[in-house]
Structure formats: structure tokens, C-alpha cells
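Hi,

Here's the structure I promised to pass along. Have a look first, then read on for what turned up in it.

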Amino acid sequence: MPELPEVEVIRRSIEPLIVGRTIARVRTTGDSYFFLTPARLVAKGLRGRRVLAIERRGKYLVAALDDGASLLLHLGMTGQLLSSVARSPRLVRSAEKANWIAEPRVFAADEHTHLELVFADRGPRVMLRDVRKFGKCALRRPGEREPRLERLGVDALEACGPVLFAATRRRRVAIKSILLDQTVLAGVGNIYADEALFRACVRPERQACHTTEAECRNLAKAVTQILREAIGSGGSTIDDYVHPDGTDGGYSRLCRVYGREGEPCSRCGQRIRRVVIQHRSAHFCPKCQR
DNA sequence: CAAATCCCCTGCAGGC
DNA sequence: TGCCTGCAGGGGATTT
């Protein structure tokens, strides 16, 4: 799950590699769950088009084309945007272990490469690779509505107390579920939700309607701070991408609770606990978070 | 309307 | 060594 920071870092790294270039050829895998628009139509719609811009909306990437159409991408759990500047299958695998980060120095297409853009300038290709195919790809005709984007709430970088507080009223689900609800805040995923709850000292299981206005304010602030920090550190996985063995690196270093079940809390020493909330693991400090 | 459940997919870890 | 099971999870669709 690339979350907002990873998607933003990917956007920034891919922007100079794609904006202003004209797509000459498109290669795709066959239709699958991955293609919301049939692969054939995606290829047809992209051919000959120039990319004007690439933007991020929550965890989505949207590439604007010169005919007014747009390409919508979601990286799901294992999606990667890669460039063909160099080739190294080993680095692809390492990138997966290191958490789905795109690097502008990769690779040749393989069976998991669902979309490959070949440009008219014959320069580096851009590829979208996604092993588990939880990602999404859609082509929207000029002026066509995109319900997936329309549903999104406030971008999580703009999270604020009042929005969060309003969303928690009359909701009996866990507060963490509200943070993960993309129609409330767009961009927060499982990892940063845990981290924000830790920073704001709120227990993930707490019923949403039982959080106070002040807690929601703190939580919103924690969300924006943590996301900004993660972007600032290069999406939190960039660093260990270069570790040839793919062992734990930047990402887990930044996390205070996620993936740290049983380890001592960095604030109080209490053991970090893990519970399951709506089929997802939630990590928290039982002493710091109430 | 809210909430719970199911499902899409693949790789990998753990148990035996 | 190899097979089997369970787990990981974003998010939409369906059911309660």
C-alpha cells in the first residue's frame, strides 16, 4: 500500500520523465481486474497523446493528456511506476521488499508489467507494474466524470480538526476506520493511520463518536505532520531501496508503532500491542494511547 | 443511512 | 524438502 507520501514521491519522480513527452506506443497485459477501462481502449486512447501534467488526488495519480482525456492510476498494494533507464530484475524485487517505491533507473517489462509507455523520442519508457493487481487503471474521455475521484474527501495533507470531528459524529466504528475512510480524508492508509493515532495518543479501537473535538484536532494535526515528514524523507522507503539485500530500512525506522508488536514503546517503554480492526492489523501503545 | 462481509490477486512465512 | 494453510491489505460491491 503506497499511501499518500509514497504516491506523492512517486509522482514527483515520474513527473520529469513523463510530462511533455508524446506516447508513441503502448503495451499492456490482457484485460483483468486491474483495467477498469479495457486494456485495448487504454492503449488506443494513449497512442499519439502528449502528457500535459501528472497530479495526485489522495492515493490516485491522474495524468492529463493533450486531447482533454486523462489517465487514472491507483497503485493498490504492490503497484510500482518504473522507468527503463537501466535494467536489473534484482532491483525490482528489492523495490518490492522495500515497499513499492518507484525509482527512475529501472528496468525491463515482465509479466507483471500491465502498462508500458513507449515514447516518440525513444527515451526511457515508463512502466506500471503490479504483482497483485489490486491497482487500477482507467482512461477517462474528455469531460467524462470520474466517480472514484468525486467520492474522495479532503486531501489528507489538508486534514483539519473540524472535518474529522464532523465525520466522527454518530459513527460507532473505531476511530481508525474513520481515518482510513477515503471519503473523509483521502490518502491515509493502514500504516500512517497507526502512526497518527500514536502521535495523537488516541487508541485505534476507540469509538469514533466518543472522540472529543480536541482529540480530533490533535489527530488531524498528527496526520498532516506525519504525512509531510514522510514525504520529506523521500516517502520513507527510498533510502533502503538501495540496500542490495532488501532488509529493513528507512520505512521501519520511521515507524513508532507499525510493525513493532512486542517492542517497547519509544515514549514509555510499554510493549506495543497489535489488534485486528476490520480485518486489518492496528498497532498501538496501551499506555500512551487511551 | 451505517456497518459488516466478501472478494479481487499473488508471494511469502510458518507448520508439519 | 515440499506441500498446505494462512496472512497481507485498498477499496468497491453486496448484504444486513
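Let's start with the DNA: among the atoms of DNA strand B that come within 4 Å of the protein, 66% are sugar or phosphate atoms and the rest are base atoms. Bear in mind that this is a predicted model, with local features needing pLDDT of at least 70 and side-chain atom pairs pLDDT 80 or more, while totals for chains, interfaces and linings use all residues. Residues count from 1 along each chain as written, chains are lettered from A and ligands numbered from 1 in written order, and side-chain values use heavy atoms, without hydrogens or water.

The residues around strand B (a heavy atom within 4 Å of it) include Tyr33, Arg132, Lys133 and Gln278. Tyr33 has a polar side-chain atom 3.0 Å from a base oxygen of DNA strand B, and for Arg132 the distance to a base oxygen is 3.3 Å. Lys133 goes to the backbone instead, with a side-chain N or O atom 3.4 Å from a phosphate oxygen. I'm counting polar contacts as N or O pairs within 3.5 Å.

Gln278 also turns up in the hairpin of β11 and β12, where it takes a positive phi near 50°. Those two strands (DSSP E runs of at least two residues, numbered from the N terminus) pair antiparallel over five bridges; pairing takes at least two DSSP bridges. Arg274 stands opposite His283 there. Four of the five residues of β12 are buried (under 20% relative accessible area, 1.4 Å probe, protein chains only), so the strand is largely enclosed by the rest of the structure.

Cheers

Note on methods:
Buried means under 20% relative accessible area, exposed over 50%, partly exposed in between (1.4 Å probe, protein chains only). A polar contact is a pair of N or O atoms within 3.5 Å; within protein, one must be able to donate a hydrogen and the other to accept it, and residues adjacent in sequence count only if both atoms are side-chain atoms.
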